[in-house]
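Here are my notes on this one, in no strict order. Have the viewer open as you read, and start with the cavities.

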Amino acid sequence: MPDVTKTAAATAPDAVAAPPVDAPAPQDKAEKPRSLWGDAWADLRRNPYFLVSSVLIFFLLLIAAFPGMFTSASPTAGDLVKHYVGKPELGDVGSAGWLGYDIQGRSVYARLIYGTRASIIVGVCVTLIVTVVGGTMGMIAGYFGGWVDAVLSRLTDVFFGIPFLLGAMVVLQAFVERTVWVVVFALAFLGWTQMARVMRGAVITVKQADYVHAAKALGAGTGRILFRHILPNAMAPVIVVATIALGGYISAEATLSYLGLGLASPTVSWGVDISAGVQAIRTSQHILLYPSIMLSLTVLAFIMLGEAVRNALDPKLR
Amino acid sequence: MADLSKNDEAVAAANEEALVAAIDAPVERGEPILQVRGLKKHFPLTQGILFKKQVGAVKAVDGVSFDLYQGETLGIVGESGCGKSTVAKLLMNLERATAGEVFYKGQDITKLSGRALKAVRRNIQMVFQDPYTSLNPRMTVGDIIGEPFDIHPEVAPKGDRRRKVQELLDVVGLNPEYINRYPHQFSGGQRQRIGIARGLALNPEIIICDEPVSALDVSVQAQVINLMEKLQDEFNLSYLFIAHDLSIVRHISDRVGVMYLGKMAEIGTDSEIYEHPTHPYTQALLSAVPVPDPEARAHRERIILTGDVPSPANPPSGCSFRTRCWKAQEKCAQEVPLLAVPSVFKGQDTPAAHFSACHFAEEKQVVPAH
Amino acid sequence: MSIIDKTAAVPAPRDGSHTGPLLEVRDLHVEFHTRDGVAKAVNGVNYSVNAGETLAVLGESGSGKSVTAQAIMGILDMPPGRIPKGEILFRGQDMLKMSDEERRKVRGRKIAMIFQDALSSLNPVLSVGYQLGEMFRVHQGLSKKDAKLKAVELMDKVKIPAAKARVSDYPHQFSGGMRQRIMIAMALALEPDLIIADEPTTALDVTVQAQVMDLLAELQQEYNMGLILITHDLGVVADVADKIAVMYAGRIVEQAPVHELYKRPAHPYTRGLLDSIPRLDQKGQELYAIKGLPPNLLRVPTGCAFNPRCPKAEDICRTEIPALAPVTEQDGTDLPGRKSACHFWKETIHG
């Protein structure tokens, strides 16, 4: 027996009858501890979709945080002389006029840059709120079950029954001043149900796992079971749905703004610009074109990220 | 008034103290450490979503009684749906019993809570069937085996835990350096060892093993069985060994109980059950086990039962086995046979004189003796 | 390929055009391309089955026993699976070289498969009778009514009580044993020449196991089918098989008629397996246990794959892969049908 290790010899004096299970193969020694998150990360890093989408998202976040870095022009200062000028001023990529001017002679490029912030804030904040609120509701409903679940699930159903955009319109009507935060509130108010459902389902599945029974059998309290055993294992689907939904919230904001119910001038937002661009669609397509491209690209980036994360986290798809 | 309630609290605390002391007291070898009496678990069948209405019950466990003695292995065998896993969950207090008592050192653990229940949990541990779902995939092996110490900090001081975990890994035959690895980096047999190490962490007196090797490869099963036998001697453990594999149960058990449809059909020492079975179900079960010996193919008598196990939601009247029994008569449909020494064997000094719940018990040798 | 004497007298296949074994697998290799590398699941497997014969393929998880069967049936997931080498001859014709159309004709009609998990193999939203009848409607063009009659007939054949009344029931309304019977009925529907049963009784209770195995054996005799029984259970094999192929890490390590294998194993792995299972009829002391773990298919040990776990391993075992060679008596007499892939088979069988 060439590979009896010291440990095995200590525990199994009778090596034939109770042999060492795992005198490790030499290659095994090189094997590092690999957590499931670590595995998912290793998968992600090699996924081209992830790389493309994360580079895009990185730039979007940068633009949202420091718009001044990308343009010196103001998004709100209009020069009516340049009204509807669509021809790029060649040779000046990045200058105020290289994507043309809008109806009031404002730089389309500057408005694109400054509009990013509204979209990103809405997307990220709605997702955060929805994940925390919906996730908590779903976790409580899934873990405690019984009447708690019955009450919370019916409440979720009630909210789920409200058509998303219609409901958001109604909520927005209640506010006189429609800032970004009002839009965030309106979308989060109606959006948490999706997360609650996903989380509830995940928790119910995980709750039945033997390791949860094992923790109970050891005498673990509710807090430990929830946060150490259930939550880490129920997070994956929520993360995936949240990333994909983020793109959806951004487009919902644009839709509402387009309909004149979300953000409105002087707030700078792609939705506002798209709405304005439609009015000039016959003559100056560039006003509609660029914000639309940015919007699609952003939504696509988050959906791609969500898909990549799903592939990395879901072992069945491997 | 305030004084009184304070007084009550003090009394309650003192009671709890006494309970914990009783639970932690040692038991002599060969004395009963666990006594199960009339244990029942009925899962209600309900209709309706918010306002549920009970329309029936699945009688998963329907009046089971047995003793587990200190230092022995009691095997429980039966087919799927006979309630053997539910018995394990009830003993672990993972499910609340519908009726009946489980006395652990004289204390009825089905009625305990708080500190006393936690003390019981320290002393009764469990090894699960599926090594793939019984370990939290997001925790390292060190965290999994060390978790019992987090929950019961009095067992090991904080600075000592890592060393304790490594000791435990060593005891179950795993390399102590694996402490930072994750469960998915191990094979089934190794994972089951991790599960056993977790069960051993708190120095329990009883380990309830629910099909501990049925998910493992044949060549690894023997390793784990040997390990469990070694640990039993080393740590003076009592095992309740639940399995459907009759050969393994015979190998490891001192006494064996056979369950059918939530009830105990027959219970006795391993040779009483395997060599002198008196209950027709036990006989059929034993005769159906494939024996790894083609020579035995020809001259083995096989009792092939007709039909399937009836639903526990609607068990037959009288003896629950009568629908598949070749001996069934009028009496079997009307009277529930009691688990006792059958009257034909009463007072006789024969291995057939053990507890068997059959009106027409008779000895029949089905396993060829060697 | 050797053919065991006992089965040589079997009547010729029904179409009479081909006289060799019903199915022959030659030097089959299967690999899976995974994130962590190439897993070599099957590394050169040879076996054959005749009409009316039962071949048991015995092995643990990861031994390649099921993958081989999936390759035969043509239901391997490709990719990640790949068959770089090998032949699967059904009545002398290589199925790996057939067109998809030809292959589909063989599958189901000539070769049928029974799976371990009957519940997930049956469609839950269609009645059992409809699913059974589908075979006749699709392959033989029977009318709905005739197909249903055929379905009842089949259910009677596999001894499902009250077949007529239950033909419109759905899979979940049957018990595990009954569902497995329905699976068998489905496999039998078109009277195939060969049935591959992958762990057909593993999910069933012992008392039901015996019923299902008996049924399978009875029907096999009646239709004179070949049967490949894939299992990890040495007990089940002993009860029904004619010959056994023991697989380990994607290779056949030993092949023998059933009685011979249990009496005198010629490979240390087989010997270890036989010694390590507890016996119902005796209360042994400590169990013999094969040390170590089944190999990781991404890193199969060099030489004989069993060498790290083998009590007899010597230097040669770590460097040279032993070929599956015929086994003889001590005096050199042939042992028909016996082969072992061990450098020290002589010591193992005669020692």
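Which residues line the second largest cavity?

1. This is a predicted model, so take what follows as computed from it. The lining residues in question all carry the chain letter B: B:His279, B:Pro280, B:Cys319, B:Phe321, B:Arg322, B:Cys325, B:Lys327, B:Cys332, B:Pro337, B:Cys358, B:His359 and B:Phe360. Sorted by class, this lining gives eight nonpolar, two polar and two charged residues.

2. On size, the second largest cavity holds about 70 Å³ of space. The search behind it comes up with 10 cavities of 30 Å³ or more. If you want to look around inside the second largest one, B:Cys319, B:Cys325, B:Cys332 and B:Cys358 are among the lining residues, and so are B:Arg322 and B:Lys327.

3. Next, the interface of chain C and chain B. Here 45 residues of chain C are in contact with 44 residues of chain B. Together the two chains bury about 4000 Å², and 56% of that area is on carbon and sulfur atoms.

4. What does the polar side of this interface look like? The rule finds seven residue pairs in polar contact across it, counting pairs with both residues at pLDDT 80 or more. For salt bridges between chain C and chain B, the rule finds zero.

5. Which elements of chain C give two or more residues to the side that touches chain B? They are α9 (206-223), α10 (234-240), α11 (258-263) and α12 (268-276). The largest share, seven residues, comes from α9(C). By class, this side of chain C splits into 21 nonpolar, 13 polar and 11 charged residues.

6. Last, salt bridges elsewhere. Over all chains the structure holds 40 of them, although the rule finds zero across the interface of chain C and chain B. One to pull up in the viewer is the pair A:Glu307 and A:Arg310, whose side chains meet at 3.6 Å, N to O. The two residues are separated by about one helical turn, because they sit three residues apart in helix α11 (residues 286-313) of chain A. Mind the label when you search: this α11 belongs to chain A, while the α11 in point 5 (258-263) belongs to chain C.

Note on methods:
Residues are numbered from 1 along each chain as its sequence is written. Chains are lettered from A and ligands numbered from 1 in the order in which they are written. Side-chain values use heavy atoms; hydrogens and water are left out. Contact means heavy atoms within 4.5 Å. Buried area is the accessible area (1.4 Å probe) that two parts lose on being put together, summed over both. A salt bridge is a side-chain nitrogen of Lys or Arg within 4 Å of a carboxyl oxygen of Asp or Glu. A polar contact is a pair of N or O atoms within 3.5 Å; within protein, one must be able to donate a hydrogen and the other to accept it, and residues adjacent in sequence count only if both atoms are side-chain atoms. Helices (H or I, at least four residues) and strands (E, at least two) are DSSP runs, numbered from the N terminus. Ala, Val, Leu, Ile, Met, Phe, Trp, Tyr, Cys and Pro count as nonpolar, Asp, Glu, Lys and Arg as charged, and the others, Gly among them, as polar. On a 1 Å grid over the protein atoms alone, a cavity is a set of points where a 1.4 Å probe fits but cannot get out, and a pocket is an open set with protein on both sides within 12 Å along at least five of seven lines; lining residues have an atom within 4 Å of a point. Grid points are joined across faces, edges and corners, and a volume is the space filled by probe spheres set on the points.
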